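Visitor: I have a structure open and I'd like to learn how to read it. Could you walk me through it?

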Amino acid sequence: MLSRLSEWFWNERLWFPGGLGWADLEDHDGITYSKPADLWVTLPIALAFLIIRQIFERTVAIRMAGALGVKEKIRVRAEHNPTLESFFRTTNKNPKQSEIESLGKKTGYSERQIHRWFRRRRNQERPNQMKKFKEASWRFTFYLLAFIAGLAALIDKPWFYEMKEMWTGFPMLELLPSQFWYYMIELGFYMSLLFSVASDVKRKDFKEQIVHHVATILLISFSWCVNYIRAGTLIMLVHDASDYLLESAKMFNYAGWRKACNYIFIVFAVVFMITRLVIFPFWILHCTWVYPVTIYPPFFGYYFFNGLLFVLQCLHIFWAVLILRMAVKFLPGNNIVEDERSDREETDSEDDEKELEGRKAPVKNGPVQNGHPPLNNNHHRKTE
């Protein structure tokens with residue numbers, strides 16, 4: 001059964017155009033080609049990244065945080081209450097009004113006390129500023145170094161300037177040492193991100209991040225196996241071009257450097273739109289989708305590779321919408337740029353406001369004062 005599955009999986013008709021196969025990628029005369037077995041190297045690399053990250057966050061990231069003045073907010077812990085704790089863990093972290101009333105009868109707490117207890121308990125589960133900063137500084141460091149290394153590896157290659165050159169001689173494309181390490185390190189890093197996603201800060205686009213990591217790993221691995229390495233290196237470079245800018249903006253945001261964060265975010269938004277919504281779809285994706293069919297007939301690998309690229313492009317559009325939402329904060333009166341994906345910490349004042357709003361009930365014929373209905377405060381604010 002396993003032998004049949006392996007034979008089907010490695011069938012040359014799935015991976016190569018007609019008339020080409022694995023024999024064409026055998027090393028000869030000092031020329032080396034990419035091989036599926038090389039991908040095993042990424043497992044120890046991913047493990048090494050996990051270890052290096054722990055060391056980095058506990059040493060370099062802490063010093064960077066100190067230099068930028070990252071300050072951690074002091075959180076008031078929710079007092080121990082078995083009834084509320086059990087409800088929080090098993091039923092609902094954001095109880096409804098009816099549930100609050102029921103919990104009040106069981107515990108003897110007032111509604112305000114219960115609102116405050118749940119707010120403080122939710123805040124306890126949110127990651128602190130230091131954790132966010134350390135994660136951002138780790139990704140910033142890798143993406144910056146990866147972009148510099150990728151640019152150095154591609155700056156003198158003809159397919160960097162004329163993308164059609166990425167298919168010249170396909171699939172017999174010689175593997176260069178710089179390409180080998182660029183691929184292995186990038187793939188190992190994304191595998192380490194996938195391994196650590198459960199312990200990292202969870203954001204609103206958590207599912208999209210999982211899809212992105214899986215699609216990226218499959219894309220890099222597949223392009224390596226069928227020797228799409230020239231296209232793969234260009235795709236990785238395009239993605240690294242804006243990622244380090246976003247992470248640096250987050251770092252300054254967590255440190256309270258609002259103006260620096262906003263200026264860097266502007267640069268990031270421009271680079272992101274150019275690389276992900278212009279260069280990627282209209283140059284790279286066009287060259288992998290349209291040009292190859294002029295050289296060889298379409299095959300399964302061709303559709304699979306471009307299908308993964310389309311998945312990435314859909315994610316680019318999704319994130320572009322989030323970026324535009326954050327860009328609205330640059331309008332007059334908005335001087336703070338927050339990550340739209342983040343779960344913002346609640347404060348006592350917000351909690352009290354919600355409680356007061358919950359107590360207000362709309363009345364058609366409400367009470368009167370001296371024969372006149374009271375003013376609608378909300379309407380009054382809008383007209384001021």
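Guide: Let's go through confidence, overall make-up and one surface feature. Keep in mind that this is a predicted model.

Visitor: Then confidence comes up right away. What is the mean pLDDT of the protein?

Guide: The mean is 78, and 80% of the residues reach 70 or more. Helix α3 (residues 42-58) has the highest confidence, at 93, whereas helix α15 (residues 377-383) has the lowest, at a mean of 39. Over residues 355-384 the pLDDT is below 50, and this stretch makes 9 contacts in the model beyond near neighbours in sequence. Where pLDDT is low, don't read the predicted coordinates in detail.

Visitor: Fair enough. How many helices and strands does the protein have?

Guide: You'll count 15 helices and 0 strands. For the way the chain packs, look at contacts between residues at least 6 apart in sequence: 78% of them join residues at least 24 apart.

Visitor: And what share of the residues is buried?

Guide: Of the 384 residues, 44% count as buried. As for the outside, the protein exposes about 21600 Å², with carbon and sulfur atoms supplying 62% of that.

Visitor: Which residues form a nonpolar patch on the surface?

Guide: Tyr-263, Ile-266, Val-270, Ile-274, Val-278, Phe-282 and Trp-283 do, and together they have about 740 Å² of accessible area. Take Phe-282, which you'll find in helix α12 (residues 258-289).

Visitor: Why does Phe-282 count as exposed?

Guide: Because its relative accessible area is 59%, and exposed means over 50%.

Terms used. Residues are numbered from 1 along each chain as its sequence is written. This is a predicted model: local features need pLDDT of at least 70, side-chain atom pairs count only at pLDDT 80 or more; totals for chains, interfaces and linings use all residues. Side-chain values use heavy atoms; hydrogens and water are left out. Patches are made of residues with over 30% relative accessible area and no salt bridge: like charges are joined within 9 Å, nonpolar side chains (Val, Leu, Ile, Met, Phe, Trp, Tyr) within 5 Å. Accessible areas come from the Shrake-Rupley method with a 1.4 Å probe; for residues, only the protein chains shown count as cover. A salt bridge is a side-chain nitrogen of Lys or Arg within 4 Å of a carboxyl oxygen of Asp or Glu. Helices (H or I, at least four residues) and strands (E, at least two) are DSSP runs, numbered from the N terminus. Buried means under 20% relative accessible area, exposed over 50%, partly exposed in between (1.4 Å probe, protein chains only). pLDDT is the predictor's confidence in each residue, from 0 to 100. Contact means heavy atoms within 4.5 Å.
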